[in-house]
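Welcome! Please open the structure in your viewer and keep the selection tool at hand. We will go from stop to stop together.

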Amino acid sequence: MAVDEILRVEALSKNFGEAIVLDNVSFGVARNSVVGIVGENGAGKTTLFNLISGIVPPDEGYIEYRGKEIRPSNYREANLLGISRVFQEQALIPNIAVYENILLSHEDHFVRLGQVLDRRKMIAVAQRIVDAMALDIDVRLQTSHYDFSIRQSIEIARACLVPREVLGIEAPVVLLDEPTSALEKSEEEALFRLIRRIRQHGSVLFVSHRLSEVLSVCDLIHVLKDGRLVATVDPAITNERTLHGHMVGRERDADYYHEHEQGEVNTHPVMFAVKNFSLANAYEAVTLDIHQGEVFGIGGLLDSGKSHLGKGMSGLVPPDTGTVQVDGGKPTRPDFRSLISQGLAYVPAERLVEGIILPFSVAVNISVASGQDLFSTWWGYWRVAVEERVARHYIQEIGIKASGPQVSCGTLSGGNQQKVVLAKWLCRSPRIIILDNPTRGIDAGAKEEVYKLIRQLTASGASIVLITDELLELIGLSHRIAVMRGGRVTGIVDAPLDKKPTERELVGLMLGTQ
Amino acid sequence: MRRRRGALLQTTFVGMLPILVVLILFVVFSVASDAFLSLRNLTAVASQASTLLLACTGATFVILMGSIDLSVGAIVLLVGAVVVTLINSFGLGISALAVGTALGTVLGFANGAIFSLGVIPSFVVTLGSLSVFTGIALELLQGRALQYNSVPFDELAIGQMVPHFPNIALFAITIWAIMVFVCFRTRFGRYMYVIGGGEAVARTSGVPVGRYKIYAFMLSGAMAGIGGTLAVARVGAAGPTLGTDLLLNTLAAIVVGGTSLSGGVGGVHRSLLGVLIITLLDDGLNLLGVNQYSQMMIKGAVVIGAVLISQDRSKLSTSK
């Protein structure tokens, strides 16, 4: 073993039943380094993190930390040793103050007079932690006061700095699992600055789907594929293309967004018209026309109101005022169920909360939006055979990696879960599809398939509203892009095939500096 | 058939456990007591189990949906009291069953509407209505047992269209079978699972969640209404203690059967096993001469033990 290694995993293997999730993986993490772990969904990245952080025990192999073998039997034990982690799903309790979340489970360091918590000291330490990350947060406020991305930043700050600030651990190892998928650009940069700062004290293991990030922030990158360590590369002498090649076993398609399939839609009739939409504290006076076959992008910072607008357009959370018009019909107040019956589909951003019921089967999750028509008769008999057939069809058609319609969705990777959510609406042959961050937290391969699907749908005449935080996706896929700032549409940018706007132009509009 | 329902059904060893418990209880009591296996006793068990089974059949849907209905016992009592009063005042016969069912449905609707439209936890709503319904019933009964005289109505419960199998049990098992079908093969049943498994997902998929919540409580009320009416027909009177044991017994039977209080897991088919376990325990312990207080202790321990064994705790992150 090299002397300067802080962490070493040796011959780690893990099976879940028949499935081999991790197969004889060994590597070391040098002191004061940032190590990237990349791989497609299902490659074993999360399982690797689960083993290191004590959440599941390895079947074979062992883990060494500071030269000694460790066997944490749960996350707390690993945590007290100095291994902390930011989970893919948010683990903050919404209804307590930020500082309580940051110092959760470490309250024993703040006890005064035997029993009383020294809240002033807790607040001071927590504030120091968020300040160190350059976050504009008042730790005394309730956690739910902050939105998704800021809550994520809080989690990252907690994982990175609690070991040092509270536990006094000199060389902590921080595991970051997809920390940036929901972060704004400015927060991302703050995170990278922070990662570089932690490197002076400890080490970071970093999982991300954004390869450019991994390349810019890591000292060394390990590539996992089907549970094996297939490559270890030096970011200084590699590029995104080669890395992607290692991950999927092939090089990335030059035309990632299928741009050449982007058709001309200006002459097409208007399929979906949104007029004078306003909702207090969310968006104001929004009017949009979406053509048949168009991908209409909506971009903006996280507080721009674009997700609220998506929920409003679908009728799920109707606006205070405003009407929608489907295919030249009568303008009406948006009503979710009535719009669904007219061919609207809505894919929410928070997949695990609003998109999919994990313990239930693929078939049940696909049929759930069509219980009132496709999958039941007039007297309410559930058409089990039809349900099974439709699920089978979509497993084939869009390549859901599940062995059958009865497989529980909890066993699928994020990308396949998202395909199930899409299939739930595709089986209704929708004409208007509202997608809120359809590729959040899914791997490059699945993203590409979603993009292909979007092109196929528009080619067959569907209109798509694409709300996304990913700028390149927004630019690559959209015919036109509405940019929102502070609840208002501040500009609609044309994005024809031969004249796509640049990231810089859009960011300028989003920030209002242009 | 079984395989196709797959995802919503547990077919693991733990899922089969209630069947094993029923068999064990059966064998143990057969050996320990001579009277247990007698035709007379088994007929009595069947008719004792019936009201509980009816009440559980409806309440299981509510629990599948992730809510709780504490008021079934009170509905049984109130419906019983009203039915006896009506029989005595208007000479109602068999049609009392329709009246009882309708009244139960209305009471369930009240629960459901307050719960769904008022957005109040079902625990609170039905705890309140439990008290209200009981109060009205006791007012009606003046705190005494009310008897009636109607042979056709009696026959509804204690007649034996099938020899040695009282009609009340025939009703209960038929309705249970229909409800198993409703649970697995209808939109209503499916929506119960979906709402219990992920209400937010159901909403973003266009499931009319609010409406179906009301339906579930209406069904629970209707089943309790039928149970209450037949219970009165069985004992020939409505007394102030009618249905009081149902509060604990329905929840115990449903949970022991394997339907999770957190919603989305289990099913009406399982509640039959839970009902059998609770009823066999009651009956067998009585025959063995175990006193009432010890019975309470044993029953409570069985409920907790059953859940301890059957719950897949690795899937639980919190318990409330």
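Which residue of E21(A) stands opposite A:Arg480? Select A:Arg480 and look across to the neighbouring strand: the residue opposite is A:Asp494 in E21(A). Before going further, please keep in mind that this is a predicted model. Its scores are ipTM 0.89 and pTM 0.76.

**Stop 1: strand E20 of chain A**

Select residues 480–485 of chain A, which make up strand E20. This strand is mostly covered, with 5 of its 6 residues buried. Now add residues 488–494 of chain A to show strand E21, which pairs with E20(A) in the antiparallel sense over 6 bridges. The hairpin of E20(A) and E21(A) has 2 residues between the strands, and in this hairpin A:Gly486 takes a positive phi near 55°.

E20(A) also pairs with strand E15 of chain A, so add residues 295–300. Here the pairing is parallel and runs over 5 bridges. To see one place where these strands meet, pick A:Gly300, which stands opposite A:Met484 in E20(A).

**Stop 2: an open sheet in chain A**

Next, find the open sheet of 3 strands in chain A, whose order is E14-E13-E16 and whose pairing is antiparallel. Strand E14 (283–291) and strand E16 (321–326) are at the edges; each has a single partner strand, so one side of each is left without a neighbour in the sheet. From one strand to the next, the twist averages 5°.

Highlight strand E13, residues 270–279 of chain A, and follow its antiparallel pairing with E16(A) over 5 bridges. If you click on A:Lys275, its bridge partner in E16(A) is A:Thr323. Then show residues 306–314 of chain A: this is helix H9, which packs on the sheet and touches E13, E14 and E16 of chain A. The direction of this helix makes about 120° with that of E13(A).

**Stop 3: the domains of chain A**

Zoom out and colour chain A by its domain assignment: domain 1 (5–248), domain 2 (259–343 + 430–511) and domain 3 (363–428). The centres of domain 1 and domain 3 of chain A, taken over C-alpha atoms, are separated by 35 Å.

**Stop 4: where the chains touch**

Now display both chains and look for their contacts: 21 residues of chain B are in contact with 27 residues of chain A. On the chain B side, the elements that give two or more residues are helix H9 (187–197) and helix H10 (199–204) of chain B. The largest share, 6 residues, comes from H9(B). Sorted by kind, the residues on this side of chain B are 9 nonpolar, 8 polar and 4 charged.

Stay with H9(B) for a moment. Is this helix enclosed or left open? 10 of its 11 residues are buried, so H9(B) is largely enclosed by the rest of the structure. The buried residues include B:Arg187, B:Tyr191 and B:Ile195. To see what covers them, show among others helix H3 (39–64), helix H8 (167–185), H10 and helix H11 (209–235) of chain B.

**Stop 5: confidence in chain B**

Finally, colour chain B by pLDDT. The average is 89, and 92% of the residues score at least 70. Over residues 1–10 of chain B, pLDDT stays under 50, and the model has 16 contacts beyond four places in sequence for them. Residues 313–320 of chain B are also below 50, and this stretch has 1 contact in the model beyond near neighbours in sequence. Where pLDDT is low, the predicted coordinates should not be read in detail.

Methods:
Residues are numbered from 1 along each chain as its sequence is written. Chains are lettered from A and ligands numbered from 1 in the order in which they are written. This is a predicted model: local features need pLDDT of at least 70, side-chain atom pairs count only at pLDDT 80 or more; totals for chains, interfaces and linings use all residues. pLDDT is the predictor's confidence in each residue, from 0 to 100. Two residues are in contact if their C-beta atoms, placed from the backbone, lie within 7 Å. Helices (H or I, at least four residues) and strands (E, at least two) are DSSP runs, numbered from the N terminus. Ala, Val, Leu, Ile, Met, Phe, Trp, Tyr, Cys and Pro count as nonpolar, Asp, Glu, Lys and Arg as charged, and the others, Gly among them, as polar. Two strands pair if DSSP finds at least two bridges between them. Axes are lines fitted to C-alpha atoms, for helices over the stretch in contact, and angles run from 0 to 180 degrees between N-to-C directions. A residue is buried if 20 or more other C-beta atoms lie within 10 Å of its own, exposed if 12 or fewer, and partly exposed in between; C-beta atoms are placed from the backbone. Domain bounds come from an automatic or database domain assignment.
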